[in-house]
Amino acid sequence: MSNLAIRCDGIAKQYRLGEREKYKALRDVLTHAMAVPFRRMRSVLSGAAPIGRRQESWIWALQDVSFQVQRGEIVGIIGQNGAGKSTLLKVLSRITQPTRGQAEIWGRVGSLLEIGTGFHPELTGRDNIYLNGAILGMKKEEITRKFDAIVAFSEIESFIDTPVKRYSSGMYVRLAFAVAAHMESEILIVDEVLAVGDTQFQKKCLGKMGEVARQGRTVLLVSHNMAAIHALCSRAILLQHGRAVKDGNPVETTRCYLDGLENQTDSSVIDLRSDSVARTGKGRILAELRLKNAGGAPTTAYLCGDDMVLEFDIDPPFTVSDPILFVGIDDNIGRRIFTVSSQYSRSEFPAFDRPLTAVCVIPDLCLLPGRYSLSVCVGNPYDWSMDLVVNAASFDVHASDYFGSGRMPPQELGAVLVKSQWQVLSGVVRR
Amino acid sequence: MERAMRFATEPPHTVLRPSSGWVSLNLRELWHSRELLFFLAWRDIKVRYQQTALGAAWAVVQPLVSMLVLTLFFGRLAKVPSNGIPYPLFAYSALLPWQLFAYALTESSNSVVVNERLITKVYFPRLVIPLASALAGLVDFTIAFPLVIGMMIWYRITLTWAVLTLPVFVIFTAATALAAGLWLGALNVQYRDVRHTLTFIVQFWLLASPVAYPSSLVPARWRPFYGLNPMAGVIEGFRWALLRKTPFPGPMIAVSGFVTALLLIGGLFYFRRMERTFADVV
């Protein structure tokens, strides 16, 4: 028996643009059928290209995707929105057919593309466990056997005979995940379900996924949570515009993904010379700011714990003696997280009297995942802000396995990540 | 122990590749999903009566009120013949299969669109959906049925051995509804016009079927052609099985049965052919 669980050979999927939103009305088809001969005649007369399937109205959601998954592997699939991740999962879980190529699957597939598929608000928790279980492919006998475990996992014992429409969203999600978590299929296909619910619940999901992994089942997991990918997966595949562009070690693949994220809306090279830059101070000293990663490549996407490299091009219109550089980092609600300065780190610069480049390295970026903006300032002990540009650049920080535990403190417990060591000593406390 | 057993058996091997044209019905897979079929039908029934004041009584109220209206206007005022059967019984014995048909047809035609969330998020044999909708209609039928027995006792009409064929006609009714529902359900995904024409189709079909009038109004030599409307054969057969007041309408039922079989087999294959695009279009 082969040890393969999944083999994809050149899977491609074509969608018609707008097709999902716009279904045809019979009337349109009829009018179209009437109009076509006239239009064709007109196009023949005018010498235009004949009307056919116009190429631009079709897109390839997946193109030539090939990979193999061994039994027991946990493979993460990452990529931007629209890169084809969900389409790939839909093809592999047989919801839609590939346009080209073929996939082979050895084993029962349980797919969890959405939490609570088929839940009916009017039915009770108990009814929905059975209904949802059956939809996910479980046998009635199997659901009955696991019923107590499902209820216990969901922590909603006292509401089990209440219609689901009266549940809080947290209870709803817990119940839905509890059913899915008890699927027994050999292959599990999971889309982004770790992103729902409160942090407590996410932890529980993560724990359950780890358990599934240890049982030797095969898992295909789509997630934007890089920490989860790092902690759970033995391998990651990066999809970009429908193609699998990288397949390998999860850390390298997520790195590759973040590099690709760059230049979406944020620019890693910010021209500070232009008149549109809002600044305060005596004059235009800062000419350009560049955001880079530790390897020197331009980026606006960092992982927690990355080294951030900032390069400043300075073009002083006048001599700045005893110059000091400041960089302030604000979170997305404008709260200052920290400020670094050449002064605090005792880096003394010669007077700025000609164009030059200054480099600042912020090692081990201790920011929580999120979006941040960056303000820069040049000054000296006599005038702190000779050239201040507030919110000069923005960048994103993505979750990584910063603590090596697959876990991160939630937003409400603080704004920065601080490592700590813990141990238990015996015999210290006197009674 | 059980786990060991499962891993010891060879896991199922599935090949996913683009298919085109007509595909097999894959009835084996459908059979494996029979529990899901019952769960979906059970959901439809349970949800329908969950928040209604009358609950399951609705299943009786609808044919009962229709029967009263038909009796008043067609039976009393228009004096439509009823083959010697008391008109209320004549009408109710046809309304029973008719309600089953109309309900199952409407529900199965809308079923694929209504269950869009399921179709785009999880795989199971898609035929389960219209089948479950048609199945749910049988429950209403079962609730409304005892009344006809009560009426027969009232009018002192005794059941004959012909009643044993009644289950055949019940299945015949559901099959006819499903046959049309499969076509319309699959078309509905592509063309939402179907939803709007559905009320019209049901109304039209009611007028064309011998519910308010007997098929004996149709000249004898044309009667087999009348059977081209499968509901004509179904309803007359149903009446015969219950009341046995007229000779067995054999030729008409044969024609109707043939039409239903043709529609049903065609509908099953058409549905299977179209289902691969459901998730992309619905």
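In this predicted model, strand E4 (100-106) of chain A is joined by four bridges to strand E1 (residues 13-16) of chain B, and the two strands run antiparallel. Within this pairing, A:Glu104 stands opposite B:Val15, a residue of E1(B).

The strand pairing belongs to a contact between the chains in which 41 residues of chain A meet 33 residues of chain B. On the side of chain A that touches chain B, two or more residues are given by each of helix H1 (26-46), helix H2 (85-92), strand E4 (100-106) and helix H3 (125-135) of chain A. Of these elements, E4(A) gives the most, with six residues. When the residues on this side of chain A are sorted by class, 18 are nonpolar, ten are polar and 13 are charged.

Chain A is itself divided into two domains, with domain 1 made up of two segments, 59-108 and 185-261, and domain 2 spanning 269-413. The centres of domain 1 and domain 2 of chain A, taken over C-alpha atoms, are separated by 35 Å, and twelve residues of domain 1 of chain A are in contact with twelve residues of domain 2 of chain A. On the side of domain 1 that touches domain 2, at least two residues each are supplied by helix H6 (199-214), helix H7 (226-232) and helix H8 (250-261) of chain A, and the largest share, five residues, comes from H7(A). This side of domain 1 of chain A consists of seven nonpolar, three polar and two charged residues.

Key:
Residues are numbered from 1 along each chain as its sequence is written. Chains are lettered from A and ligands numbered from 1 in the order in which they are written. This is a predicted model: local features need pLDDT of at least 70, side-chain atom pairs count only at pLDDT 80 or more; totals for chains, interfaces and linings use all residues. Two residues are in contact if their C-beta atoms, placed from the backbone, lie within 7 Å. Ala, Val, Leu, Ile, Met, Phe, Trp, Tyr, Cys and Pro count as nonpolar, Asp, Glu, Lys and Arg as charged, and the others, Gly among them, as polar. Two strands pair if DSSP finds at least two bridges between them. Domain bounds come from an automatic or database domain assignment.
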